[in-house]
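Work through the exercises below with the structure open beside you. Try each task before you read its solution.

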Amino acid sequence: MPLYSDHRPAPNLGHRTNRRESRTFAANNRYSEGNMANLLERVGGQEAVNAAVHLFYAKVLADSELAPFFKDSNMERQHRSQAKFLANVMDGSATNVETYMRNAHRPFIEKMNLNEIHFGRVAGHLAATLEELGVDAETNGEILTAVASLQDFVLDRTVAVAA
Ligand code: HEM
């Protein structure tokens with residue numbers, strides 16, 4: 001089975017399949033000193049990230065403050081871009097993150113006043129998703145710190161540089 005297929009049904013919160021995916025996510029999410037595995041391997045690879053992205057977007061689209069941003073989006077495409085991007089960030093292979101994030105979100109700052117309130121809500125849904133999938137608090141915190149570091153790019157702001 002391909003890692004990601006458009007024909008694969010989205011995980012259903014109350015369904016057995018989803019509980020199995022949750023265990024996979026959690027079972028691979030062990031961190032100990034000297035464990036050199038990257039974050040992607042620690043959470044269970046691309047498959048686990050795909051499952052997380054499905055759950056995450058269910059929450060985003062159920063949030064009336066965020067849903068309007070995605071009203072014209074092809075969500076299958078969005079899931080795919082997002083899952084690929086997150087996996088690349090987690091295994092360290094992402095390039096041009098700053099430019100990519102600034103360009104992807106700039107139209108929504110201009111058209112829809114995308115701001116830190118929306119960013120905070122998105123980060124909150126991500127944290128809830130990771131917790132639901134059994135990611136331990138330490139790893140969840142690490143992922144959220146990484147996400148927080150993207151805020152200035154997503155909101156297309158000047159990044160303060162320490163003197
Ligand atoms: C750390 C936070 C975020 C990350 C990592 C992120 C990541 C991404 C990525 C990878 C894309 C796809 C770009 C492409 O290939 O076309 C994207 C597009 C988008 N993002 Fe974000 N995003 C973040 C925050 C937000 C926030 C706070 C909002 C506002 C609700 C938002 C709304 C959108 C929209 C509307 C699109 C375009 C969807 C489309 O092409 O139809 N994002 N984002």
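Four exercises follow, each with a worked solution, and the model they use is a predicted one.

**Exercise 1. The overall make-up**

Task: State how many helices and strands the protein has, and what percentage of its residues count as buried.

Solution:
- Step 1. Count the elements. There are 8 helices and 0 strands.
- Step 2. Read along the sequence. The pattern is α-α-α-α-α-α-α-α.
- Step 3. Turn to burial. The protein has 163 residues, and 21% of them count as buried.
- Step 4. Look at the contacts with a separation of 6 or more. Residues 24 or more positions apart account for 72% of these.

**Exercise 2. How α3 meets α4**

Task: Decide whether helices α3 and α4 are parallel, perpendicular or oblique to each other.

Solution:
- Step 1. Locate the helices. α3 covers residues 45-61 and α4 covers residues 75-91.
- Step 2. Take the geometry. The two pack at an angle of about 130°, and their axes are 9 Å apart.
- Step 3. Apply the cut-offs. Over 145 degrees counts as roughly antiparallel, and 65 to 115 as roughly perpendicular. The angle of about 130° fits neither range, so α3 and α4 are oblique.
- Step 4. Add the handedness. α3 passes α4 in a right-handed crossing.
- Step 5. Name the residues in contact. α3 supplies Q46, V49, N50, V53, H54 and Y57, while α4 supplies M75, H79, Q82, A83, L86 and A87.
- Step 6. Sort them by class. The contact has 7 nonpolar, 5 polar and no charged residues.

**Exercise 3. The setting of R102**

Task: Work out whether R102 is buried, partly exposed or exposed.

Solution:
- Step 1. Find the residue. R102 sits in helix α5, residues 97-112.
- Step 2. Count its surroundings. R102 has 17 other C-beta atoms within 10 Å.
- Step 3. Compare with the cut-offs. Buried needs 20 or more, and exposed needs 12 or fewer. R102 is therefore partly exposed.
- Step 4. Look beyond its neighbours within four places in sequence. There, R102 is in contact with F153 and D156.
- Step 5. Check L155. R102 and L155 are 53 residues apart in sequence, yet 7.0 Å apart in space, C-alpha to C-alpha.

**Exercise 4. The shell around the ligand**

Task: Find which helix gives the most residues to the shell around the ligand.

Solution:
- Step 1. Start with the residues. There are 18 around the ligand, and S73, S81, F85, A104 and V122 come nearest.
- Step 2. List the elements that give two or more. These are α4, α5 and α6 (116-132).
- Step 3. Pick the top contributor. α4 gives the most, with 4 residues.
- Step 4. Sort the shell by class. It divides into 12 nonpolar, 6 polar and no charged residues.

Key
Residues numbered from 1 in each chain as written. Predicted model: local features only at pLDDT ≥ 70, side-chain atom pairs only at ≥ 80, totals over all residues. Axes fitted to C-alpha atoms, helices over the stretch in contact; angles between N-to-C directions. Parallel < 35°, antiparallel > 145°, perpendicular 65-115°, else oblique. Left-handed = near helix turned anticlockwise from the far one by under 90°. Contact = placed C-beta atoms within 7 Å. Nonpolar A, V, L, I, M, F, W, Y, C, P; charged D, E, K, R; others polar. Near = placed C-beta within 6 Å.
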